[in-house]
Amino acid sequence: MPGAAMSGKLRPMRTMIAPFPAAAPVSVAPMMALTDRHARYFLRLLSRATGLYTEMVTTGAILHGDRSYLLDFDAAEQPLGLQLGGSEPEALARCARIAEQWGYAEVNLNVGCPSDRVKNGRFGACLMLEPERVADCVFAMREAVEIPVTVKTRIGVDDLPHWQGLRNFVHIVSGRGGCRDFIVHARRAWLQGLSPRENREVPPLDYAVVSRLKNHFPDLRIVLNGGVGSLDETAGHLRNFDGVMIGRAAYYNPWMLAGVDQRFAGMQAGPSSPHQVLRDYLPYVQRQLDQGARLIHMSRHLAGLFQGVPGARRYRRWLSENAPRTGAGVEVIEQAMKLVPESFRVADKDHKIAI
Ligand SMILES: Cc1cc2nc3c(=O)[nH]c(=O)nc-3n(C[C@H](O)[C@H](O)[C@H](O)COP(=O)(O)O)c2cc1C
């Protein structure tokens, strides 16, 4: 909505849950080894309106692997997007169709991951250098499905002039490919010499170039990603962008998401306390245990919930020492939460926990 971006006013509150993650005011970034289905179920208890994504799944894995293991999710996780890694239009189109049949609300193409494994497979961030190919991929995927096909990208790769490169990329992928929704991680990716982790920290953030992109393509939805650490920062970015995607901050301090629904989606306030979130999570944990999952698979996502609260360290230690034990059950989480007083004040409007 360019008008809001130019006037500097906050856009009107939405009163409905966004139908697909990139349309949500706030989303949680796809993160390998972090945003698995247990994490997503837990995050959903903190916010109804936040868009959620799977970890990246490659087309090869979906076409040749255990689909149920890779794709199954709980209906409560919606709105949920599947992030795909790949660069072959036909394979991506087949996977998009499978994703739609599986019930996903969006398919997102990864054009931002810089790892060697991904580079060798010729997908991820190196695809920024092949906008025509990305356009063909997106076109094929859009032809195959009704659900939105979105692209997550960086602002550039290596030391190539990034504004021209980014503008050209978005021009081709939106024009020839028909993509309307771009999630932009506001950093370049260095294809040589930096590990994936360093690539999330070393290249400086450049929000201005993403803002320029939004002004240049006012009709496209542009979601900002990278380095957003609080809901106050999110509110600031929502003046310029159609949505904000939060990765590490949301995972390591998930309580921040409890403020999203009321503040950005015009919905009822989120959960009243972190303890309440855990109590709501327990029946899910029990169901998963009954189906053969181990407690650690669910409890590992809970470590950051009480960040900054007295007792948080004891809580984390209790979980990490007891959850891996054979036969560990929900009582480990029940005991852990007793180590944090329920009486602390959750007052800060930014949903940082105050004491
Ligand atoms: C552990 C980890 C795994 C990630 N895996 C993916 C991934 O599978 N697909 C992807 O597009 N980005 C992935 N990312 C990048 C994030 O989606 C996001 O772009 C990045 O962390 C910047 O956002 P943040 O500063 O809010 O964390 C990953 C990030 C982390 C920390």
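**Note on the predicted model and its ligand site**

1. In this predicted model, 23 residues lie around the ligand, and those that come nearest are Ala-29, Met-31, Met-56, Gly-247 and Arg-248. Two elements give two or more residues each to this shell, namely strand S2 (52-58) and helix H11 (248-252). By class, the residues of the shell divide into 11 nonpolar, eight polar and four charged.

2. Turning to the chain as a whole, the protein chain contains 16 helices and eight strands. Its radius of gyration is 20 Å, close to the 20 Å that the globule rule gives for 355 residues, so the chain is as compact as a globular protein of that length. Taken along the principal axes, the C-alpha atoms of the protein chain fill a box of roughly 55 × 50 × 40 Å. Buried residues account for 47% of the 355 residues, and, among contacts between residues at least 6 apart in sequence, 73% join residues at least 24 apart.

3. The protein chain is divided into two parts, with domain 1 covering 3-7 + 14-265 and domain 2 covering 274-338. The centres of domain 1 and domain 2, taken over C-alpha atoms, are separated by 29 Å. Where the domains are in contact, 11 residues come from domain 1 and 13 residues from domain 2. On the side of domain 1 that touches domain 2, the elements giving two or more residues are helix H2 (37-46) and H11, and H2 gives the most, with six residues. This side of domain 1 has nine nonpolar and two polar residues, and no charged residues. A reader following H11 will therefore meet this helix twice, since H11 gives residues both to the shell around the ligand and to the side of domain 1 that touches domain 2.

4. Helix H2 deserves a separate look. How many of its 10 residues are buried? The helix is mostly covered, with 10 of its 10 residues buried, and among them are Arg-37, Arg-40 and Arg-44 as well as Tyr-41, Phe-42 and Leu-43. What covers the buried residues of H2 includes strand S1 (26-28), S2 and strand S3 (80-85), together with helix H13 (274-290) and helix H14 (295-299).

5. The largest nonpolar core holds 100 residues, of which Ala-96, Val-107, Val-138, Met-141, Val-184, Val-244 and Ile-246 touch the most other members. Domain 1 (3-7 + 14-265) and domain 2 (274-338) both give residues to this core, so the core lies between them. Val-107 offers one view of the packing: leaving aside residues up to four places away in sequence, Val-107 touches Gly-81, Leu-82, Leu-84, Ala-96, Ala-99, Met-141, Val-145, Ile-147 and Val-149. Two of these partners, Ala-96 and Met-141, are also listed with Val-107 as core residues that touch the most other members.

6. The last point concerns Trp-190, which has its place in the loop between strand S6 (181-189) and helix H9 (207-216). Is Trp-190 buried or partly exposed? Trp-190 is partly exposed, because 18 other C-beta atoms lie within 10 Å, whereas 20 or more would be needed for a residue to count as buried. Not counting residues up to four places away in sequence, Trp-190 touches Pro-114, Asp-158, Asn-199 and Pro-203. Along the chain, Trp-190 and Gly-156 are 34 residues apart, and their C-alpha atoms are separated by 8.7 Å.

Note on methods:
Residues are numbered from 1 along each chain as its sequence is written. This is a predicted model: local features need pLDDT of at least 70, side-chain atom pairs count only at pLDDT 80 or more; totals for chains, interfaces and linings use all residues. A residue is near a molecule or strand if its C-beta atom, placed from the backbone, lies within 6 Å of it. Helices (H or I, at least four residues) and strands (E, at least two) are DSSP runs, numbered from the N terminus. Ala, Val, Leu, Ile, Met, Phe, Trp, Tyr, Cys and Pro count as nonpolar, Asp, Glu, Lys and Arg as charged, and the others, Gly among them, as polar. Domain bounds come from an automatic or database domain assignment. Two residues are in contact if their C-beta atoms, placed from the backbone, lie within 7 Å. A residue is buried if 20 or more other C-beta atoms lie within 10 Å of its own, exposed if 12 or fewer, and partly exposed in between; C-beta atoms are placed from the backbone. A nonpolar core is a set of buried Ala, Val, Leu, Ile, Met, Phe, Trp, Tyr and Cys residues joined through C-beta atoms within 7 Å. The radius of gyration is taken over C-alpha atoms; the globule rule is 2.2 Å times the number of residues to the power 0.38.
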